[in-house]
Amino acid sequence: MQNRIIKALIFNKQVRLYLLNNTHLLNEILHMNQGSNIISKEALANSISVMSMLSATLKGNQRLSAALSFDQPKSKIFVDTDAHGNVRGYANDFLLSSSKNYSTVKELIGLKGSIRMIKANDFNQFTGITDMPYQDLDRDFSHYFKQSDQTETLIKTTIHWQGNKEIKNSYGIYAQLLPQSPTHLLNKVEEHFQSIQCVLNEPKTLINSEIFSLLNQYFGEGEIIGESNVQFFCGCSKEMFFGLLHSVDAAELKGYLHSRDPIISTCNRCGRNYSFNEEEIKLILGELNG
Ligand SMILES: [Zn+2]
């Protein structure tokens, strides 16, 4: 179930339930975001998990992007996804390099956190913004859907870290109450989150019929309605940034050569760094002079 979402309807089609394991995806993205601030990485990982599940709610060419601002308003996290399960995200430099020693994500979010979401397709877009009253990413994203879509939603994620850099396992659930269904059903889903961890945690050997019987054990009459994948994707490339370096002033390029520092360009969509060495800088200077 690595980087996979299983979609189900439970409680006799009254609740939509998505089950996710995105361990590989998170490790791939976190390796690109190289700052040292562990709390900011935790917040980024949690946000990516939520957005991974939300990718499964999109259709056609819809895209969804989230911008999170925190107590210190220059600290931001951006994550976006589309209906094909492509996910990318990054914590901005200010946050990644923050010397402030947050001890928890709650402290990082603080009292002034906000979530701004844009859902768009080729023709129109909808923007919603809510505060983060719970100072908890899962609960605040759920709060967003209640406020902005008037949809009762339950989002729960679990991320097991192995040291500061590596994630051992990451999984989560997204449950949405369908119209005219009683709210207490979401409480039942929440109560049994622990019980279904074997599906989310060690899913490699599980086949759909076993997942199906597990869902029926805890969530009344259920059915699996589909599956989808999530993966990292950003359209950026080294060639693209090499092209952009042609607009840098020649004197500045010579400065890099002089100091023997490589030029590091960071994609501000996915956080990936591209490094340009002496040879490459000389190549650009040659083209600029030529
Ligand atoms: Zn990128």
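**Two domains and a tilted ring pair**

User: How many salt bridges are there between domain 1 and domain 2?

Analyst: Zero. A salt bridge needs a side-chain nitrogen of Lys or Arg within 4 Å of a carboxyl oxygen of Asp or Glu. The model is predicted: local features need pLDDT of at least 70, side-chain atom pairs need 80 or more, and totals for chains, interfaces and linings use all residues. Residues are numbered from 1 along each chain, and side-chain values use heavy atoms, without hydrogens and water.

User: What makes domain 1 and domain 2 count as being in contact?

Analyst: Contact means heavy atoms within 4.5 Å. Seven residues of domain 1 meet that with six residues of domain 2. The bounds, 4–232 for domain 1 and 238–289 for domain 2, come from an automatic or database assignment.

User: How much area do domain 1 and domain 2 bury between them?

Analyst: About 650 Å², 52% of it on carbon and sulfur atoms. This is the accessible area (1.4 Å probe) lost on putting the two parts together, summed over both. Met32, Arg88 and Tyr90 supply 64% of what domain 1 buries there, more than any other three residues.

User: Why is the pair of Tyr171 and Phe193 called tilted?

Analyst: Rings of Phe, Tyr and Trp (its six-membered ring) pair if their centres lie within 6.5 Å. Planes under 30 degrees apart are stacked, over 60 edge-to-face, the rest tilted. The rule gives eight aromatic pairs. Tyr171 and Phe193 have centres 6.4 Å apart and planes at 50°, so their pair is tilted.
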